[in-house]
Amino acid sequence: MPLALPEIEIWFVVGSQHLYGPAALEQVAANARHMVAGMNDSGVLPLRLVAKPVMTTPDDIRALCQQANADPRCGGLVLWMHTFSPAKMWIGGLRQLSKPFAHFHTQFNRDLPWSTIDMDFMNLNQAAHGDREAGFLHTRMRLERTVIVGHWQDRRALARLATWMRAVRGWAALQGAKFVRFADNMRYVAVTDGDRVAGEMRFGYSVVSHGVGELAAAAAEVSDAAIDALCREYEACYEMAPELRRGGARHGAVREQARLELALRGFLERGGFSGFTDNFEDLTGLRQLPGLATQRLMADGYGFGAEGDWKTCAMVRAMKVMGAGLPGGTSFMEDYTYHLDPERPLVLGAHMLEVCPSIAAQRPSLEVHPLGIGGKEDPARLVFTARSGPALNASLIDLGNRFRLLINEVTVVEPPAPLPKLPVARAVWAPKPDFATACAAWIYAGGAHHTAFSQAVTTEMLLDFASIAGIEAVPIDGRTELPRLLNDLRFGEVYWGLGSAFARV
Ligand code: MN
C-alpha cells in the first residue's frame, strides 16, 4: 500500500474593511467565491482552495488564524487584499498563525474597463495598494511567506501557486511524522549525524530508534505464503533471470528480500512511520542488507536514508509528497564516482543498493550480486538507469546553529557507454552551471554526499519549503557564479548567526 498523502486544503482569505459599506463587501465575497471556483476548476492546483469569509475586523482575523492553527485540514492560507485592509488589524492574528501562508497579489478583473471606470470601481479593486499595506506588515513582522503576482486566471500565476501548494504539502507530511532509525549512524561519519532535537523543533518530525533485532524478529515471523505471493508480484513487475524465479537455484536470495520487505512494511505500518534509516554496519540478525525491500518501499512513498541518515530520509519523504502526481520520481541518492573527461565531465550517482525505481527509464531488472562490504549474504536489488532530463539533488545539513538546504540542478544523461558489470541502479548527470563550479560550490557550502534526488521537484518548490521551515537555502543552478555564492555563504553566516535579532516581534 502506498503511503498516503496528507489530506489538506488551502484557505483562501480575502481582506477588506467596513469603510466601503455592505454592498461592496458582498461584492468582494462573491468575487472571492467566483475566483476560488475558477482556480479549483483550472486543473492546475494540487490542493483545493476553500473560500473563507471576508476579513474586516481584528477579532475576525484572530479567530480565523486560531481556527487555521487548530484545523488539521488547513495546510496553509492564501491571503489577498481585494480592497484596502488596514494592516494593524492583522497583527493579532498573524502573530499567532502557525500555518504557512502565501500572499497572492492579484485582482478580480484582468483588464481595466477604460471607458466605464469610476470611483466605485476604484474603491472595490484596490489590491495594487491594499496588498502593499499587507506586504509592509508581513515584512515588518519578519514573516516568512511566498509572494505570488499575477491575474488569478493566468496559468503562470496559477503554476506558481501550485508550486507553493506542493511545498506546503511536503511540509504538512512532516508535521507529527515519525521516522524509524534502525541501528545508529555509520561509525565516524559526520554529515549524516546531527541534532535530532533541533530537527524536531525545526521540522516537526521525530526520529525514533529501534534495535535491528526487532526487525529481525519481525522478519522471522513472516509467513511462507506471504513471501510466495510477493515473489509472484516481483516476477510480474521486473526482469528476472530464470535462476531467480520460483524453482530457480538462487530464488532463495529473492525470498530473503521479500521477507525483509514484508517485515519492514509491517513495522512501518504498525508504528505509523513515514520512512526509515538503516546501517550496513549493524545488520544484527538479518541475512541481507535490505535492497529490493528498501527500493520498493521508497517507490511506495516512504522516506529512506542509508547509514543512519535521518535528515535525507525525511527530505526524501517530503519531496516524494511535493512531487506526487508530477512526471518523474524521487530517490535517495549519493554522488558516487566521476567521469572526468574534460570535455564532458559527469557524475555517476548510485548507492550500495538503495535507489528508488520511480526514477527508472526502463523496467528494472531484479538481480542478485555480492555486496562487497558488510559481510552478509548476496542481496537482491533492482538494477536500472535513471531516465534522462532535468533533475536536482537536495541535501539538508546541520551547521550547528541552523539547517542549510543545498539544491543543485542537474541534467541526467544517457550513460556514454553501457555498464554491463555495474550491479546497482544508477543515474548519470551533468551538474549546473558546470561540473567544476557545481562541485566547488557544493563543497564550500558543506553539502553532503547523500541527497534526495528528484525529477519532479523543482528548485522553486524547495525554496518555498525552506521558507516555510525557516531555514537557509543555497541553490546552485545555471546562474551560479562562485565568487557571488561564496559571498552569499558569508552573508548567511551573519544573518543566521544573528538569529534572535530577527525575531518576529
Ligand atoms: Mn551512503
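**Exercise 1: a tryptophan in a loop**

Tryptophan 114 lies in the loop between strand S4 (101-105) and helix H4 (119-124); work out whether tryptophan 114 is buried or exposed, and which residues form a nonpolar surface patch with it.

*Solution.* A word on the model before we start. It is a predicted model, where local features need pLDDT of at least 70, side-chain atom pairs count only at pLDDT 80 or more, and totals for chains, interfaces and linings use all residues. Residues are numbered from 1 along each chain as its sequence is written, and side-chain values use heavy atoms, with hydrogens and water left out.

Step 1: helices (H or I, at least four residues) and strands (E, at least two) are DSSP runs, numbered from the N terminus.

Step 2: buried means under 20% relative accessible area, exposed over 50%, and partly exposed in between (1.4 Å probe, protein chains only). Tryptophan 114 has 71% relative accessibility, so it counts as exposed.

Step 3: the nonpolar patch on the surface is formed by Leu112, Trp114, Ile117, Met119 and Met122, and together they have about 550 Å² of accessible area. (Patch residues have over 30% relative accessible area and no salt bridge; like charges are joined within 9 Å, nonpolar side chains, meaning Val, Leu, Ile, Met, Phe, Trp and Tyr, within 5 Å.)

**Exercise 2: the manganese site**

Find which residues coordinate the manganese ion, then look at where glutamate 307 and histidine 351 lie.

*Solution.* Step 1: donors are N, O and S atoms within 2.8 Å of the metal (3.2 Å for Na, K and Ca); water is not among the atoms, so sites may look incomplete. Here Glu307 (OE), Glu334 (OE), His351 (NE2) and His450 (NE2) coordinate the manganese ion at 2.1 to 2.2 Å.

Step 2: along the chain, the donors are spaced as E-x26-E-x16-H-x98-H. Glutamate 307 and histidine 351 are 44 residues apart, and this pair links distant parts of the chain: glutamate 307 is in the loop between strand S10 (303-305) and helix H12 (310-323), histidine 351 in the loop between strand S12 (346-350) and strand S13 (365-368).

Step 3: check the burial. Glutamate 307 counts as buried at 7% relative accessibility, and histidine 351 is buried too, at 2%.

Step 4: glance at the backbone. Glutamate 307 isn't a glycine, yet it has a positive phi of about 55 degrees.

**Exercise 3: two residues between S6 and H7**

Look at methionine 186, in the loop between S6 and H7, and find which residues it touches; then do a phi check on tyrosine 188.

*Solution.* Step 1: contact means heavy atoms within 4.5 Å. Not counting residues up to four places away in sequence, methionine 186 touches Asn279, Phe280, Glu281 and Glu307. That last name is one of the manganese ligands.

Step 2: the C-alpha atoms of methionine 186 and asparagine 279 are 6.2 Å apart, although 93 residues separate the two along the chain.

Step 3: methionine 186 counts as partly exposed, with 23% relative accessibility. Tyrosine 188 sits in the loop between strand S6 (178-182) and helix H7 (196-203) and is exposed at 86%.

Step 4: tyrosine 188 has a positive phi of about 70 degrees, though it's not a glycine.

**Exercise 4: a glutamine with no exposed surface**

Find glutamine 288 in the loop between strand S9 (275-277) and helix H11 (292-299), and list what its side chain meets.

*Solution.* Step 1: glutamine 288 has a relative accessible area of 0%, so it is buried.

Step 2: a polar contact is a pair of N or O atoms within 3.5 Å; within protein, one must be able to donate a hydrogen and the other to accept it, and residues adjacent in sequence count only if both atoms are side-chain atoms. The side chain of glutamine 288 makes one with the side chain of glutamine 257, at 2.7 Å. A polar atom of the glutamine 288 side chain also lies 3.1 Å from the backbone oxygen of aspartate 378.

Step 3: leaving aside neighbours within four places in sequence, the contacts of glutamine 288 include Ala253, Leu260, Leu283 and Pro379.

**Exercise 5: a helix and its end**

Work out how many residues of helix H14 (residues 459-469) are buried, and which residue just after H14 takes a positive phi.

*Solution.* Step 1: 9 of the 11 residues of H14 are buried, so the helix is largely enclosed by the rest of the structure. Among them are Met461, Leu462, Phe465 and Ile468.

Step 2: just past H14, glycine 470 has a positive phi of about 70 degrees.

Technical notes: Areas by Shrake-Rupley, 256 points an atom, 1.4 Å probe, with all protein chains shown as cover. Salt bridge = Lys/Arg side-chain N within 4 Å of Asp/Glu carboxyl O.
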